[in-house]
Amino acid sequence: MKFNSLIPELTVSDIERTKHFYIDILQFKIEYERPENQFVFLSLEENQLMFEQENGNWSVGALEYPYGRGINFEMTVSSVEAIYERVLGAGIKPFREMQVNYYRNGDTNIVQKEFLVQDPDGYLLRFTE
């Protein structure tokens with residue numbers, strides 16, 4: 001496995017609930033985990049995320065829901081529709097419904113089909129194609 005240059009490690013309140021959301025619903029796969037540390041490293045295509053249940057080792061302040069305020073994690077996937085359908089099928093209301101957005105990049109536009117969803121701790125995930 002090749003590690004990305006940047007791999008966010010997110011503190012979560014319940015590692016099992018996090019694993020259920022990311023593995024069972026979004027279909028990330030486990031690259032490796034350390035159950036004794038309540039840690040898991042997950043990937044989905046070229047996207048990599050690490051999660052560790054809150055233990056005070058990395059805390060710089062009090063955490064309260066929603067975690068990660070002010071940030072969203074954009075992840076490019078091969079089929080944003082498939083992930084969107086799994087989210088809806090699990091009864092989860094997206095933070096932002098599926099839409100096509102245009103983002104100016106110099107003299108051109110980047111076109112992205114995307115939706116946003118919050119994970120169980122409120123981290124905002126933006127899936128794009």
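1. A good place to start reading this model, which is a predicted one, is the pairing of two strands towards the end of the chain, where N101 stands opposite Q112 in strand 7. Strand 7 covers residues 108-118 and runs antiparallel to strand 6, with 8 bridges joining the two. The hairpin that strand 6 and strand 7 make has 2 residues between the strands, and G106 takes a positive phi there, near 65°.

2. The surface of this hairpin also deserves a look, since V100, Y102 and V111 together make a nonpolar surface patch of about 300 Å². Y102 belongs to strand 6, which spans residues 96-105, and Y102 counts as exposed because its relative accessibility is 56%, where the cut-off for exposed is over 50%.

3. Following the chain onwards, strand 7 also pairs with strand 8, which holds residues 124-128, and this pairing is antiparallel with 5 bridges. Within the pairing, V117 has L125 of strand 8 as its bridge partner. Strand 7 and strand 8 form a hairpin with 5 residues between them, and in its turn G122 has a positive phi of about 90°.

4. Stepping back to the whole chain, the protein contains 2 helices and 8 strands, and their order from the N terminus is β-α-β-β-β-β-α-β-β-β. The radius of gyration is 15 Å, close to the 14 Å that the globule rule gives for 129 residues, so the protein is as compact as a globular protein of that length. Taken along the principal axes, the C-alpha atoms fill a box of roughly 50 × 35 × 35 Å.

5. Some totals help to complete that overall picture. Of the 129 residues, 39% count as buried, while the protein exposes about 7600 Å², of which carbon and sulfur atoms supply 49%. Among the contacts with a separation of 6 or more, 55% are accounted for by residues 24 or more positions apart.

6. How many of the residues of strand 3 are buried? The answer is 6 of its 6 residues, and the strand is accordingly described as mostly covered. In a regular strand the side chains alternate between the two faces of the sheet. In strand 3, F39, F41 and S43 point one way and V40, L42 and L44 point the other way, and all of them are buried.

7. Strand 3 has a pairing partner in strand 2, which lies antiparallel to strand 3 over 5 bridges, and here E33 stands opposite V40. The hairpin formed by strand 2 and strand 3 has 4 residues between them, with Q38 in the turn showing a positive phi of about 50°. Strand 3 is also joined to strand 4 by 6 bridges, again in an antiparallel arrangement, and the bridge partner of S43 in strand 4 is Q48.

8. Several backbone angles should be checked by eye. Most residues other than glycine have a negative phi, and most peptide bonds are trans. E45, however, has a positive phi near 55°; E45 sits in the turn of the hairpin of strand 3 and strand 4, which has 2 residues between the strands, and E45 counts as partly exposed because its relative accessibility is 44%. Q27 has a positive phi near 70°, is placed in the loop between helix 1 (15-25) and strand 2 (29-34), and is partly exposed with a relative accessible area of 46%. The peptide bond from Y65 to P66 is cis, with omega near -5°, and P66 lies in the loop between strand 4 (47-53) and strand 5 (72-76).

9. Is P94, another proline in a loop, buried or exposed? P94 lies between helix 2 (80-89) and strand 6, and P94 counts as buried because its relative accessibility is 6%, where the cut-off for buried is under 20%. Leaving out residues up to four places away in sequence, P94 touches Y84, L88, F115 and L116.

10. The final residue to examine is T11, which is placed in strand 1, residues 9-12. T11 is buried, with a relative accessible area of 18%. Apart from neighbours within four places in sequence, T11 is in contact with E52, E54, L63, Y67 and Y123.

Terms used:
Residues numbered from 1 in each chain as written. Predicted model: local features only at pLDDT ≥ 70, side-chain atom pairs only at ≥ 80, totals over all residues. Heavy atoms only, no water. Patch = residues over 30% accessible without salt bridge, like charges linked within 9 Å, V, L, I, M, F, W, Y side chains within 5 Å. Areas by Shrake-Rupley, 256 points an atom, 1.4 Å probe, with all protein chains shown as cover. Salt bridge = Lys/Arg side-chain N within 4 Å of Asp/Glu carboxyl O. Buried < 20%, exposed > 50% of the residue type's maximum accessible area, 1.4 Å probe, protein only. Rg over C-alpha atoms; globule rule 2.2 N^0.38 Å. Contact = heavy atoms within 4.5 Å. Pairing = 2+ DSSP bridges.
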